[in-house]
Amino acid sequence: MNLERWFLVIFSIVCLLVLIKFIPKEKKRDAWVLFLFLQVITWPAGLIAVEMGWIEYPTQLLPDANSYNKTSFSFEFFFFPIVAIMFSLYFPKRKYWYLVLLYYVGVSGFFTMFEVVLERTTTLVTYHEWKWYWTFITVIISLLINDLFYRWCKKGLIMVREHEN
């Protein structure tokens, strides 16, 4: 296994630990809604970007993954949904417009910077026609759509309490 695959394994473990540590027990259902809905957004968007030849993921976690799905399973279906969970669960309670804007720009900027570093130093992602600002813009739009869906869906969620024995 090459260095990039080891990076994906270690980063996946770190992400799992973040989920365990930072998702409160009473917010687990909310986290599932956020996780699954973001995949609805990223799956077709990732397929379009890859099939149009704008971006490529030469190294995947699983060796034969590119033969059946050329999008990045790790980024589109795991890492980015975890970012979206943390984004919405820890969204600033105070709704000052400048704090909300700073929160969106900060999270999207960090995610974009992380991808650009990976693009320049590893074979995990290769930009062809893609530019860093497309990542920045699509991350903001995806987080916005996901958070709006979460807030809309949360209105109908009912708190389920576990039986106390």
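**Helix packing, cores and salt bridges**

Student: Starting with D147, buried or exposed?

Tutor: D147 is buried, since its relative accessible area is 3%, and the cut-off for that label is under 20%. Please keep in mind that this is a predicted model.

Student: Which residue does D147 form a salt bridge with?

Tutor: The partner is R151, and the closest N and O atoms of the pair are 2.8 Å apart. Both residues belong to helix 5, which covers residues 132–154, and they sit 4 residues apart, about one turn of the helix.

Student: And what about R151, how does its accessible area come out?

Tutor: R151 is partly exposed, with a relative accessible area of 31%, whereas D147 on the other side of the salt bridge is buried.

Student: How many salt bridges does the count come to?

Tutor: The count comes to 2 salt bridges. Besides the D147 and R151 pair, the side chains of K27 and D30 meet in a salt bridge, with an N to O distance of 3.9 Å. In general, side chains of opposite charge can pair when their charged atoms come close.

Student: Between K27 and D30, let me take D30: buried or exposed?

Tutor: D30 counts as buried, at 7% relative accessibility, while K27 counts as partly exposed at 24%.

Student: Moving on to the packing, which residues touch the most other members of the largest nonpolar core?

Tutor: Those are I23, I55, I85 and L89, in a core of 25 residues. Helix 1 (3–22), helix 2 (28–51), helix 3 (73–89) and helix 4 (97–121) each supply at least two residues of this core, and the largest share, 7 residues, comes from helix 3.

Student: What does L89 touch?

Tutor: If residues up to four places away in sequence are not counted, L89 touches I23, K27, D30, A31, L34 and Y150. That list includes I23, another of the residues that touch the most core members, and also K27 and D30, whose side chains form the salt bridge mentioned above.

Student: Which residues does the second, separate core include?

Tutor: The second core has 14 residues, and among them are F37, A84, Y103 and V107. As background, nonpolar side chains in soluble globular proteins tend to be buried together.

Student: Back to helix 2, then: what is F35 touching?

Tutor: F35, which is found in helix 2, touches F77, F78, P81, I82 and I85, again leaving out residues up to four places away in sequence. F35 is buried, with a relative accessible area of 14%. From F35 to I20 the C-alpha to C-alpha distance is 14 Å, and the two are 15 residues apart in sequence.

Student: Where does V83 lie, and what is V83 in contact with?

Tutor: V83 lies in helix 3, and, with neighbours within four places in sequence left aside, V83 is in contact with V107 and F111. V107 is one of the residues included in the second core. V83 itself counts as partly exposed, at 24% relative accessibility, and its C-alpha atom is separated by 9.8 Å from that of L34, which is 49 residues apart along the chain.

Student: How far apart in space are F149 and L34?

Tutor: Their C-alpha atoms are 8.3 Å apart, although F149 and L34 are 115 residues apart in sequence. F149 is found in helix 5 and is partly exposed, with a relative accessible area of 24%. Leaving aside its neighbours within four places in sequence, F149 is in contact with V33 and F37, and F37 is also included in the second core.

Student: Over to helix 4, S108: buried or exposed?

Tutor: S108 counts as buried, at 0% relative accessibility. A polar atom of the S108 side chain lies 2.9 Å from the backbone oxygen of Y104. Setting aside neighbours within four places in sequence, S108 is in contact with F136, V139, I140 and L143.

Student: Last thing, which residues form the nonpolar patch on the surface?

Tutor: The patch is formed by Y96, W97, Y98, L99, L101, L102 and V105, and together these have about 750 Å² of accessible area. One of them, L99, has its place in helix 4 and is partly exposed, with a relative accessible area of 31%, whereas S108, also found in helix 4, is buried.

Notes
Residues numbered from 1 in each chain as written. Predicted model: local features only at pLDDT ≥ 70, side-chain atom pairs only at ≥ 80, totals over all residues. Heavy atoms only, no water. Core = buried A, V, L, I, M, F, W, Y, C linked by side-chain atoms within 4.5 Å. Buried < 20%, exposed > 50% of the residue type's maximum accessible area, 1.4 Å probe, protein only. Contact = heavy atoms within 4.5 Å. Salt bridge = Lys/Arg side-chain N within 4 Å of Asp/Glu carboxyl O. Patch = residues over 30% accessible without salt bridge, like charges linked within 9 Å, V, L, I, M, F, W, Y side chains within 5 Å. Areas by Shrake-Rupley, 256 points an atom, 1.4 Å probe, with all protein chains shown as cover. Polar contact = N/O pair within 3.5 Å; in protein donor to acceptor, adjacent residues only side chain to side chain.
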